[in-house]
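Here is a short briefing for a reader new to this structure. Look over the sequence and the model first, then read the points below.

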Amino acid sequence: EVDVEEKDNEYIVEADMPGIPKEDIHLDLEESYLQIEVKRTQESNREEKNYIRKERSFSTLKRSVYLANIQKEGVEAKLENGVLVIHVPKKPKEQQKIGIEIK
C-alpha cells in the first residue's frame with residue numbers, strides 16, 4: 001500500500017514494507033516519477049524424513065508514483081517499524097502576479 005500526501009512545500013510518500021530490510025529497497029527519482037522497487041530472495045531449508053528440501057524464491061515489486069513540480073535535492077527516506085516514509089520537496093512556486101510596464 002502506498003499513500004501520497006501533498007503539502008504546500010513537499011510530498012510525503014508512505015509505503016508499507018513489513019518484514020523487508022532496507023537493503024532490499026531501491027528508490028529512484030527520474031523526472032517527476034518516484035520509483036520504489038523491492039527485490040527479495042528467500043531461502044528455506046526443511047529436513048523431512050531422510051531428505052533435505054531447499055527452496056528459493058525471488059520476487060520483485062515495482063511501483064511508480066507521479067509527483068508534479070518536485071525538487072530533486074533534499075529528498076529524504078526513512079524505514080521505521082515496517083513503514084517507508086519519503087519526503088520529496090516541491091520547487092518554490094513561481095510568482096503568479098507580475099507588474100506590467102506601461103509605455
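The points below go from the overall fold to strand pairing, salt bridges and surface charge.

This is a predicted model. The protein has 7 strands and 0 helices. It has 103 residues, and 22% of them count as buried. The structure holds 4 salt bridges.

**Overall fold**

- Read from the N terminus, the elements run β-β-β-β-β-β-β.
- Strand β1 covers residues 2-6, and strand β2 covers residues 10-16.
- Strand β7 covers residues 83-89.

**Pairing of β1 and β2**

- Strands β1 and β2 run antiparallel, and 5 bridges join them.
- The connection between β1 and β2 is a hairpin of 3 residues.
- One bridge partnership involves E5, whose partner in β2 is I12.

**Salt bridge E5–K7**

- E5 also forms a salt bridge with K7.
- The closest N and O atoms of E5 and K7 are 4.0 Å apart.
- E5 counts as partly exposed because its relative accessibility is 39%.
- K7 has a relative accessible area of 37%, so K7 is partly exposed too.

**Salt bridge E6–K90**

- The side chains of E6 and K90 meet in a salt bridge, at 2.6 Å from N to O.
- This pair links distant parts of the chain, with the two positions 84 residues apart in numbering.
- E6 lies in strand β1, while K90 lies in the segment after β7.
- Is K90 buried or exposed? K90 is buried, because its relative accessible area is 15% and the cut-off for buried is under 20%.
- E6 counts as exposed, because its relative accessibility is 55% and exposed means over 50%.

**Salt bridge E80–K78**

- The side chains of E80 and K78 also meet in a salt bridge, with an N to O distance of 3.7 Å.
- E80 has 47% relative accessibility, so E80 counts as partly exposed.

**Negative charge on the surface**

- Which residues gather in a patch of negative charge on the surface? They are E1, D3, E14 and D16.
- E1 sits in the segment before β1.
- E1 counts as exposed because its relative accessibility is 64%.

Definitions and conventions:
Residues numbered from 1 in each chain as written. Predicted model: local features only at pLDDT ≥ 70, side-chain atom pairs only at ≥ 80, totals over all residues. Heavy atoms only, no water. Patch = residues over 30% accessible without salt bridge, like charges linked within 9 Å, V, L, I, M, F, W, Y side chains within 5 Å. Areas by Shrake-Rupley, 256 points an atom, 1.4 Å probe, with all protein chains shown as cover. Lys, Arg positive; Asp, Glu negative; His and termini not counted. Charge placed at Lys NZ, Arg CZ, Asp CG, Glu CD. Helix = DSSP H or I, 4+ residues; strand = E, 2+ residues; numbered from the N terminus. Buried < 20%, exposed > 50% of the residue type's maximum accessible area, 1.4 Å probe, protein only. Pairing = 2+ DSSP bridges.
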